[in-house]
Amino acid sequence: MKWFKAGGLALILLAVGVAATWAADLPVRKAQAVPQVVQESWAGMYFGIHGGMNLGAFNPIFGSGEDATRVNFDDNSAIVGGHIGYYGQLGGFVIGPEIGIQYMGFKAKKEVPAVVDDGPTVATLQQKVDWMAYAGANVGVLFGEYILASVGGGVAWAHQKGEVVDVTALSPFNTTASLTGWYVRAGLEYKLSQRVRLGVDYKHVDFGDVQPVLGIDPKNMRFDQITGRISFSL
């Protein structure tokens with residue numbers, strides 16, 4: 001009986017040893033690394049260019065009384081400019097300042113009846129806005145990681161020149177002025193890559209009452225702008 005027990009114990013020990021040896025020879029599977037998810041960020045400084053159409057609205061009154069004439073200086077013109085700004089991000093929200101400047105090319109002419117010492121005549125009036133600059137702040141909401149919808153507003157400046165360029169019996173004359181007003185905007189941006197963003201933007205700009213040329217009463221000058229833009233983050 002003792003021999004039987006001893007033999008059984010030996011067989012058990014042998015089986016354990018064989019199992020251990022077999023397990024040691026099995027290939028060891030390495031733990032697979034968990035892929036790291038990189039969160040796209042909109043935070044930081046950016047700069048870019050923009051261009052599109054300027055839809056102007058400016059309808060001053062020339063003359064007074066029964067001889068007064070409303071002058072339609074509405075003008076659709078191309079615009080091109082640049083911008084620079086900064087976004088701070090908190091979760092799905094961004095906020096930050098932006099400044100920009102643009103060449104507007106706003107230029108409109110209108111022939112109107114005029115009265116001079118020699119009697120009735122026709123005057124050619126011209127209105128120009130050379131450039132506009134703006135400074136304000138934007139706030140936006142992220143839809144996913146790549147689309148940003150934002151609104152904003154601030155202060156706008158522009159340089160305008162009103163001229164009488166042709167009138168019988170009178171020498172041409174002009175007036176110039178630096179304009180200060182306000183703007184509001186709304187836009188969408190798409191992050192093409194971590195460094196490049198494409199967008200579309202709408203601005204409404206209002207400069208209040210503006211004196212175009214001598215003999216014309218001040219009238220509200222405002223613009224609606226639709227632009228496409230490309231921005232590069234730093």
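This report walks through a predicted model of one protein, from its overall fold to one internal cavity and three individual residues.

**Overall picture**

The secondary structure of the protein amounts to 1 helix and 11 strands. Along the sequence, the order is α-β-β-β-β-β-β-β-β-β-β-β, with the helix, H1, covering residues 2–24. Of the 234 residues in the protein, 37% are buried. If you like contact statistics, here is a handy one: among contacts with a separation of 6 or more, 65% are between residues 24 or more positions apart.

**How confident is the model?**

Since this is a prediction, a look at confidence comes before the details. The mean pLDDT of the protein is 78, and 64% of the residues reach 70 or more. Strand S4 (residues 76–90) has the highest confidence, with a mean of 93, while helix H1 has the lowest, with a mean of 49. Two stretches deserve a mention here. Over residues 3–7, pLDDT stays under 50, and the model has 0 contacts for them beyond four places in sequence. Residues 34–38 also have pLDDT under 50 throughout, with 1 contact beyond four places in sequence.

**The cavity**

How many cavities of 30 Å³ or more does a search of the whole structure find? The search finds 1, and its volume is about 60 Å³. The lining has 13 residues, and those closest to the centre are Ser150, Arg185, Glu189, Asp201 and Arg229. By type, the lining divides into 4 nonpolar, 4 polar and 5 charged residues. Strands S8 (173–191) and S9 (196–210) each supply at least two lining residues, and S8 gives the most, with 4 residues.

**Three residues up close**

The table sets three residues side by side by their relative accessibility.

| Residue | Relative accessibility | Class |
|---|---|---|
| His83 | 4% | buried |
| Val196 | 18% | buried |
| Trp157 | 35% | partly exposed |

His83 is a good place to start, as it sits in S4, the strand with the highest confidence. His83 counts as buried because its relative accessibility, 4%, is under the 20% cut-off. Its side chain makes a polar contact with the side chain of Arg229 at 3.4 Å and another with the side chain of Ser231 at 2.9 Å. Arg229 also appeared above, among the lining residues closest to the centre of the cavity. Beyond four places in sequence, the contacts of His83 include Tyr46, Phe47, Glu98, Tyr134 and Ile230.

Val196 belongs to strand S9, one of the strands that supply the cavity lining. With 18% relative accessibility, Val196 is buried, because that value is also under 20%. Setting aside neighbours within four places in sequence, Val196 is in contact with Tyr190, Lys191, Ile230, Ser231 and Phe232. Ser231 is thus shared with His83, whose side chain makes a polar contact with it. Val196 and Tyr46 are 150 residues apart in sequence, yet their C-alpha atoms are 9.3 Å apart in space.

Trp157 lies in strand S7, residues 147–167. Is Trp157 buried or partly exposed? It counts as partly exposed, because 35% falls between the 20% and 50% cut-offs. Not counting residues up to four places away in sequence, Trp157 touches Trp131, Met132, Ala133, Tyr134, Ala135, Leu179, Thr180 and Phe207. Trp157 and Tyr183 are 26 residues apart in sequence and 9.8 Å apart in space, C-alpha to C-alpha.

Technical notes:
Residues are numbered from 1 along each chain as its sequence is written. This is a predicted model: local features need pLDDT of at least 70, side-chain atom pairs count only at pLDDT 80 or more; totals for chains, interfaces and linings use all residues. Side-chain values use heavy atoms; hydrogens and water are left out. On a 1 Å grid over the protein atoms alone, a cavity is a set of points where a 1.4 Å probe fits but cannot get out, and a pocket is an open set with protein on both sides within 12 Å along at least five of seven lines; lining residues have an atom within 4 Å of a point. Grid points are joined across faces, edges and corners, and a volume is the space filled by probe spheres set on the points. Ala, Val, Leu, Ile, Met, Phe, Trp, Tyr, Cys and Pro count as nonpolar, Asp, Glu, Lys and Arg as charged, and the others, Gly among them, as polar. pLDDT is the predictor's confidence in each residue, from 0 to 100. Contact means heavy atoms within 4.5 Å. Buried means under 20% relative accessible area, exposed over 50%, partly exposed in between (1.4 Å probe, protein chains only). A polar contact is a pair of N or O atoms within 3.5 Å; within protein, one must be able to donate a hydrogen and the other to accept it, and residues adjacent in sequence count only if both atoms are side-chain atoms.
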